[in-house]
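Work through the exercises below with the model open. Try each task before you read its solution.

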Amino acid sequence: MAEDGSGKVRLGTVHPTSSPPMIRVEGVHRTYNAGVAAVRALRGASFDISRGEFVALTGRSGSGKTTLLNLVGGLDSPDQGRVAIDGTDLSALGGTDLIALRRDHIGFIFQSFGLIPTLTAAENIGIPMRLRKTDPRTREERVTLLLSLVGLAEQAAQRPSELSGGQQQRVAIARALANRPVLLLADEPTGRLDVETGRAVMTLLRALVNSEGVTALVATHDPELLDSANRVLELSDGTVTER
């Protein structure tokens, strides 16, 4: 990894003609605990995701989707195998570089929204840019744009408790896009929403992925929401297959 002069860590060092997949997972194993109680969440999972793809990851509850997203996002490490983002092997990164990777290149969306209740929608969206010490004027312009993109321009000053579940998830999506990530990871982003609202959120995610030029891996167990994806990967018995 290297810096581009602005202090932002760059991914990869390859030329565009030989660009690697945005996500490469090779023979990944992950086991939790030890002995008789050991849980083998992943057993040799492998797949590639190209730049700009919107990929759904499905599987029953407890199949290991969250584990896999945590590994791809650099929040956890495999026991065996390799995870690379844009050609950068995550196992080669130290703690500081992993923090920079997550801050500058990856956006996370969670089922629980994860908004700070005392902050407004606009303030929640601005948090990632504050952590990067983005210029205040640039930050406010980006927040305004994102609020408009997710259809919440009129709710900028409202706090999470004043928003519906669907609106809160839209704020969370906008926050995930704040630092212009190259990769978006979403863990059951519609799990707390009704089917109609969940479908609207997935449609919004797909539109934003296209407009922002982002690659997305979205975990869901809801078969109603898979049509939005370019491809569907299924996780079962610790391995990944393509539907």
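**Exercise 1: a helix on a sheet**

Task: across which strands does α6 lie, and at what angle to β5 does α6 run?

Solution. α6 lies across β5, β8, β9 and β10. Its direction makes about 140 degrees with β5. Axes are lines fitted to C-alpha atoms, for helices over the stretch in contact, and angles run from 0 to 180 degrees between N-to-C directions. Contact means heavy atoms within 4.5 Å. Helices (H or I, at least four residues) and strands (E, at least two) are DSSP runs, numbered from the N terminus.

This is a predicted model, where local features need pLDDT of at least 70, side-chain atom pairs count only at pLDDT 80 or more, and totals for chains, interfaces and linings use all residues. Residues are numbered from 1 along each chain as its sequence is written, and side-chain values use heavy atoms, with hydrogens and water left out.

**Exercise 2: the sheet**

Task: give the strand order of the open sheet of six strands, and find its edges.

Solution. The order is β8-β9-β10-β5-β11-β12, with mixed pairing. Two strands pair if DSSP finds at least two bridges between them. β8 (106-110) and β12 (239-242) each have a single partner strand, so one side of each lacks a neighbour in the sheet. On average, neighbouring strands are turned by 20 degrees against each other, direction ignored. Now take one pair: β5 (residues 54-58) and β10 (residues 215-219) run in the parallel sense over four bridges. Within it, Leu57 stands opposite Ala219 in β10. Helix α5 (residues 165-176) also packs on the sheet, touching β8 and β9 (183-187). The direction of α5 makes about 165 degrees with that of β8.

**Exercise 3: the cores**

Task: which element gives the most to the largest nonpolar core?

Solution. Start with the definition: a nonpolar core is a set of buried Ala, Val, Leu, Ile, Met, Phe, Trp, Tyr and Cys residues joined through side-chain atoms within 4.5 Å. Buried means under 20% relative accessible area, exposed over 50%, partly exposed in between (1.4 Å probe, protein chains only). The largest core has 38 residues, and Phe54, Ile173 and Leu184 have the most contacts inside it. α6 gives the most, with six residues. Beyond its neighbours within four places in sequence, Ile173 touches Ile109, Val201, Leu204, Leu205 and Leu208. A second, separate core of 29 residues includes Val28, Ala219, Leu233 and Leu235.

**Exercise 4: one residue of α6**

Task: is Glu196 buried or exposed?

Solution. Glu196 is found in α6 (residues 195-212). Its relative accessibility is 65%, so Glu196 counts as exposed.
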